[in-house]
Amino acid sequence: MKRDDFLNMEREAEMETPLRANETPNPEVTLKGVRSNIVQSIRAFRVQDLQDAARSLGHHFLYANLATAQSKQDVLDLIAQQFILPAHFGKNFDALYDCMTDPVHKSGPQPGFIVVLEQVPTNPKFDKEAREQLLDIFRDTADYWAERKIPFRCFYSFR
């Protein structure tokens, strides 16, 4: 085999190997500097990294993509669907808080939560007040779990 053929084969093999193929997600690095009970913008975090961190820590990972939502009802419907909330979910903010706390608490010890609300709408049907109410539900939920010494981190982005 000629030297050039060998080098070409080596380069092809390198290109097929992902850069981080052997790296295991390190939740300490991903969540470094993030308080254990917080609601914050997703900013520099990638959803996949947050999901990997949740898996590594043994935490629940809840994800809702709200890109198609226009109104408060749409947001609640999509969250209910994607979080797989119980059928009796009342589809209002109080019911959302109740589903995120009480029944989960009563179901036994919880390891922790990482929640992602992606593309929260920013339009007249879901105005700043509605967005703040939604985030307040998750802040109150973070406080609820903090009192029980259970990590609850919620990351969000706006559309």
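Arg55 is exposed, with a relative accessibility of 55%. The terms are set as follows: buried means under 20% relative accessible area, exposed over 50%, and partly exposed in between, with a 1.4 Å probe and protein chains only. Arg55 forms a salt bridge with Asp52, and the closest N and O atoms are 3.1 Å apart. A salt bridge here is a side-chain nitrogen of Lys or Arg within 4 Å of a carboxyl oxygen of Asp or Glu. Asp52, in contrast to its exposed partner, is buried at 15% relative accessible area. Arg55 and Asp52 lie three residues apart in helix α3 (residues 47–57), so about one helical turn separates them.

The model is predicted: local features need pLDDT of at least 70, side-chain atom pairs count only at pLDDT 80 or more, and totals for chains, interfaces and linings use all residues. Residues are numbered from 1 along each chain as its sequence is written, and side-chain values use heavy atoms, with hydrogens and water left out.

**Salt bridges**

The salt bridge count is six. Three of the pairs, including the one already described, are listed with their N to O distances.

| Pair | Closest N to O distance |
|---|---|
| Arg55 and Asp52 | 3.1 Å |
| Arg139 and Glu132 | 3.3 Å |
| Glu147 and Arg148 | 3.5 Å |

In the last pair of the table, Glu147 is exposed at 62% relative accessibility, while Arg148 is partly exposed at 31%. Glu132, Asp136 and Arg139 belong to one network, joined by salt bridges that share partners. Within this network, Arg139 is partly exposed at 27% relative accessibility, and Glu132 is also partly exposed, at 32%.

**Fold and strand pairing**

The protein chain contains seven helices and four strands. These elements are DSSP runs numbered from the N terminus: helices are H or I with at least four residues, strands are E with at least two. Their order from the N terminus is α-α-β-α-β-α-α-α-β-α-β.

Strand β4 (residues 152–158) has six of its seven residues buried, so the rest of the structure largely encloses it. Strand β1 (residues 37–41) runs parallel to β4 and is joined to it by five bridges; two strands count as paired if DSSP finds at least two bridges between them. Across this pairing, Gln40 stands opposite Phe155 of β4. Strand β3 (residues 113–120) also pairs with β4 in the parallel sense, over six bridges. Here Ile114 has Arg153 of β4 as its bridge partner.

Which handedness does the unit of β3, helix α7 and β4 have? The β-α-β unit made by β3, helix α7 (residues 128–147) and β4 is right-handed. In a right-handed crossover, with the strands pointing away from the viewer, the path from the first strand over the helix to the second runs clockwise.

**Cysteines**

The structure has zero disulfides, a disulfide being a pair of cysteine sulfur atoms within 2.5 Å. Cys99 is buried at 8% relative accessibility, and Cys154 is buried at 0%.

**Whole-chain values**

Of the 159 residues in the protein chain, 40% are buried. Among contacts with a separation of 6 or more, 69% are between residues 24 or more positions apart, where contact means heavy atoms within 4.5 Å. The chain exposes about 9700 Å², and carbon and sulfur atoms supply 50% of this area. Accessible areas come from the Shrake-Rupley method with a 1.4 Å probe, and for residues only the protein chains shown count as cover.
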